[in-house]
Each structure stands twice: as C-alpha cells, then as structure tokens.
Amino acid sequence: MPNIVQSTLQSAVLLSMVATPAAAVNLNLTPIGSFSTGIFAENTAEQTAYDPITQRLFVTSSGQKQIDILDISNPTNPSSFLEQPIDVSGFGSPNSVSYSNGIFAVSVTNQMPQNPGSVLFFDTEGNLKNSVSVGSVPDSLAFTPDGTKVIVANEGELSDDYPDTDPEGSVSIIDLRDFSVTTANFDSVSIPDNVRLFGPNANNPSQNLEPEFVTVSQDSQKAYVTLQENNAIAVVDIASGQVEKVIGLGFKDYSLPGNALDASDKDGKINITNYNNLFGLFQPDGIASYIVNGQTYLVTANEGDSRAFEQFSEEVRVSDLILDPQAFPNAAELQKDENLGRLKVTNTLGDTDGDGDFDELYTFGGRSFSIWDTDGNLIFDSGDAFERITAEFLPEFFNSNDEINKFDNRSDDKGPEPQAVTIAQLFGRTIAFIGLERIGGIISYDITDPFNPFFLDYVNNRDFSVDFNLNEKGYPDPTAEQLAAVGDLGQEGLVFISAKNSPNGKPLVVTANETSGTVSVFEVETVPEPSSVLGLLLFSSFGWLELTKRQTPNNSCR
C-alpha cells in the first residue's frame, strides 16, 4: 500500500460549516492598482520583491530576459521607475527575486541552461553590485531572516536531449560577508522509499532531485526546499552547508471524504467526486514557514508537475492504460472521457504487482494547500475545498485555464493549480494567502492554529466578460484593448507587505501574473462582523460563502 495521508478538512469548510473562533477576522482583499507590461503569455511578470524604504518592486521577466523596477509609492498607480528595464540577457534568463537591507538578489538561468547559473545583486536603483555562480537553473531564492546569507534552489532541470544532459539539482548558500558560495547536493543523503526517483538517472539522487522553492526558518538555521517533481521536501542545515534529510510527502487518497476532485474536462458539468484506487501526488511548488508555540510549520501550495520530454515522458491519460480487473472492476466505464479517461496520471507508479496493468492511479498535484511539521507529518490539507470554493464563486468558469474563458478545461490536468503561498501576521491572526495559477485569484485561510485552519476569502481580479480573439490556429491573440481589460491571468508570484512597510499604511498583497503580464496590488482590510441573524448562516451549507461573495465593477469575483 502507498504511504497515504488523509485530508483533515473532511469538507467541514464548505459542506457542514461550523462557527469560526471568536478571535477570527472577516478578511477582505480589494484590488486597488495594477501595472501592465502589455505583453501576453511571454512570462513577463513572474516574481516580485519589495523594498519598504524606496517603496519599489523588482519584477522578473524570463521571457524578456529583463528586470523592471516599479514605483508603488502610490499603490493605486504603480509605474515603472526605469526608462528601460534592466537587460540581463548577457547572463541568461531571470527566474526569481528576493530583497533584504537595500539589496535585491536575482536568480538567473545560464544562456546554456544546463551550465551553472548566477545570482545577481542589485541596489534599489537597479545598479549591479555583484554576481556569483551557483548551480544549474537557479529558481527560487531567499535571504535568511538575519540578512547574512542567500539560499538558492538550483533545479538542475533536464535538457531537451534528456537523458544525455541531466545536471545535478542542488542548494547553494551564499555568504554575504564575502560572497562565497557553498553548494550542497544529495549524494550522501538517505532517500526514503516514498520519494520519487524515476527516469533513466533514477539511481543518482543529485541528478534526479529537482529543488524548486525555498523558505528559511525564523532562526536562520534551516532551509526547507520543495522538490516538486519528486513529491518531497529537502531540509538544509545552513551552518554546515549540507542537505540534512529528504522527506517524502506521501499521497492523497481520493477515495476519502473531503478529498474529491473533478477529473474530466469532457463531462460538461461540475462533478467533484471520489474515486477508489486514485491517489494524488502533492508536488508542492511554493512553500512558506511560520512558528507556533516554538514549533516551525511548513505551508505548501500543491500545484503538481510532471516530467515530459521527447525522450522520456511520464504523462499518460487513464484511458490509455490497462487497468487491473480486480482493482477496477468497472474499468470500461471509468475510462470513458466523462469519467476518469481524460485524467492525466503518471506511468511510473501504480503497477503494484509488476504484471503490466495498473492497480492504482497517481495524478499530479494535490489541488490544495497543506501544513506540515518539519518531519513531513501532514498537519492539515484543504482537501477538495479549492475546487468547491471556485465552483461556488465562479460556476460558469469552473476550472478555466489562464488564457481562455472556457468552462471545465483544466479538470483533467491539476484543476486550479495552487502555485504560490505567502504568510502574513494580520489583525492578531496568522493568514495564508494562496495564489491559483489557472482560474486565478487569491484564497485566504486563517492558519493561526495549524491544526484547525479555516477559509476566509476568495478574490479574483480577472474579468471573465472579456473574450480574446483567436488566431488561425485557435490560440488566443488578444488585442491591446482586450489585454488591458482582462485583469490578471496566470498568477505566479505573491508577496505580502505589512501595514508598517506599506506606502499607504495599510497591509497589501502583490501578485505577479505571467500570462497577462501584470503586477497588481490588493489592499487587505477587515469587514464588520455579520449580525447575529446573518451569523446563523455560518451553520448552513454554503451560507458563509454567500456572505463573503461580492462582485467588483470589472466583473471579477470575490
């Protein structure tokens, strides 16, 4: 049997709503300003970081191989600080950015991606102050809270000629006292059985493991790095410069209450249901951390990802598999397009007895966010809440993708795709903001008690009344007017700005959106508690969602 973890949500958030704690706040996110590059679907606004002194944002664009600096001193009207963005094409393509003490650090993939990448250090005016060499395909990076080091997740992603060129995944530690670099690989680390090592180089952990996103403990002693394709998290001891351990995250059982999913894009309806012998790989992308009663907890956005290359691809649809007749006695019915037939799963797991057919099915991503302890024990998972929330708020555009307003076209492939997560201390509570890449929007949860999180709000700054023109091949080709009107598409980066550091004295959330090429600013505020009569709706099915649902003028959803 697989190592299975069960959702602690059990549909409580939506289907049998109970009263929230007395100390809870009613949260409201309102979009107040946006900056647009005017470039569609070319990765022009991916990650961002904020300097509270100059009130500027650094924004990375891998598609344009440049970095822009935005002035948000007036957050209702973000504007470009530079006459021209910073061209980093001589180094390669920028991936991510982090800020501390007047310095922005930017990770850059080499022009030859499998070669060592770089981290560039800029002042807040955009002047390059230093650069260092790190591992292949440096992705997420973060300053330690004490400001002395930068931790870099080097993905070591495969080349198109895989397996001929498969660089090592690694984690680099940059000491800012002298800009020396220590890079840790996975050669001497014990790898648990539930960590996915697969493909032609499965016997070499350093080649097979692919670091994605990093968060650092509050005491600056440990870094926690998602290994997305591998369904795992690495723990790095910063002082020794070594990977301490790798933690497998196990699997999500889609037969359990609260763990349902919509698996088909061809059934013409919202159909969030359970299936036997179907499991989810959590495969988190974004990760954040916080402390409760001296214990560090990890919060992950469980996007999902697969390896799909010309020479090796693990992606397959359920309809193309031979299913074990004992495990799936109704295989013919299940494999219809309107049931499980269209769902993308991996061909690397599920043949438990080695007889050539599949006894279990494993799909990509958890369609959720999770809270873990630092040993990898699941504390909380939001289960199927994200699909139920978006189905309730946006039923006509449920599981739409990030380019075309088309109902249900991502159900077969990771659903809403939780991409990014950031944590805020707000109004005496701890709040997690989770960004959805496909249908879009920000979901807010109160995670003050990691064992009992609850849903607060959903806002989507996307105008679903705007339909793009299509080119002769049927791909979206928006006019400038359509792109300017549509709002945010393809959310990638998410940053919280506290009221203390905010240009308008109010807490803000900033999103970077790679498909629409926009950077948007949301203001966070509390709203009045409902009256005692309205409060009774907390106990009714979906009643609380109706209380929190609001429409904004551009037809975006809250």
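## Exercises on a strand-rich predicted chain

S170, S172 and I174 point one way from β14, V171, I173 and D175 point the other way, and all of them are buried (under 20% relative accessible area, with exposed over 50%, partly exposed in between, 1.4 Å probe, protein chains only). Keep in mind that this is a predicted model, where local features need pLDDT of at least 70, side-chain atom pairs count only at pLDDT 80 or more, and totals for chains, interfaces and linings use all residues. Residues are numbered from 1 along each chain as its sequence is written, and side-chain values use heavy atoms, with hydrogens and water left out.

**Exercise 1. Work out how β14 is enclosed and which strands it pairs with.**

Step 1: start with the strand itself. Strands (E, at least two residues) and helices (H or I, at least four) are DSSP runs, numbered from the N terminus. Six of the six residues of β14 (residues 170-175) are buried, so this strand is largely enclosed by the rest of the structure.

Step 2: look for partners. Two strands pair if DSSP finds at least two bridges between them. Strand β13 (residues 149-154) runs antiparallel to β14, with six bridges joining them, and I151 stands opposite I173. Strand β15 (residues 180-184) is also antiparallel to β14, through five bridges; here I173 faces T182.

Step 3: check the turn. Four residues separate β14 and β15 in their hairpin, and F179 in that turn has a positive phi of about 60°.

**Exercise 2. Trace the neighbours of β17 and look at the turns on either side.**

Step 1: get the burial. In β17 (residues 222-227), five of the six residues are buried, making the strand mostly covered.

Step 2: take β16 (residues 211-216). β16 and β17 pair in the antiparallel sense over five bridges, and F213 has T226 as its bridge partner in β17. Their hairpin has five residues between the strands, with S220 at a positive phi near 65°.

Step 3: take β18 (residues 232-237). Six bridges join β18 to β17, again antiparallel, and V225 is bridged to A234. This hairpin has four residues in between, and N231 in the turn shows a positive phi of about 60°.

Step 4: follow A234 and I173 inward. Both belong to a core of 22 residues, which also includes A153 and V246. A nonpolar core here is a set of buried Ala, Val, Leu, Ile, Met, Phe, Trp, Tyr and Cys residues joined through side-chain atoms within 4.5 Å.

**Exercise 3. Place P116 in its sheet and list what touches it.**

Step 1: find the strand. P116 sits in β10 (residues 116-123) and is partly exposed, at a relative accessible area of 45%.

Step 2: draw the sheet. Four strands form an open sheet in the order β8-β9-β10-β11, with antiparallel pairing. β8 (92-100) and β11 (128-136) stand at the edges with a single partner strand each, so one side of each has no neighbour in the sheet.

Step 3: zoom in on β10 and β11. These two pair over six bridges, and P116 stands opposite S136.

Step 4: collect contacts (heavy atoms within 4.5 Å). Leaving out residues up to four places away in sequence, P116 touches N110, S133, V134, G135 and S136. P116 and V137 are 21 residues apart in sequence, yet 7.1 Å apart in space, C-alpha to C-alpha.
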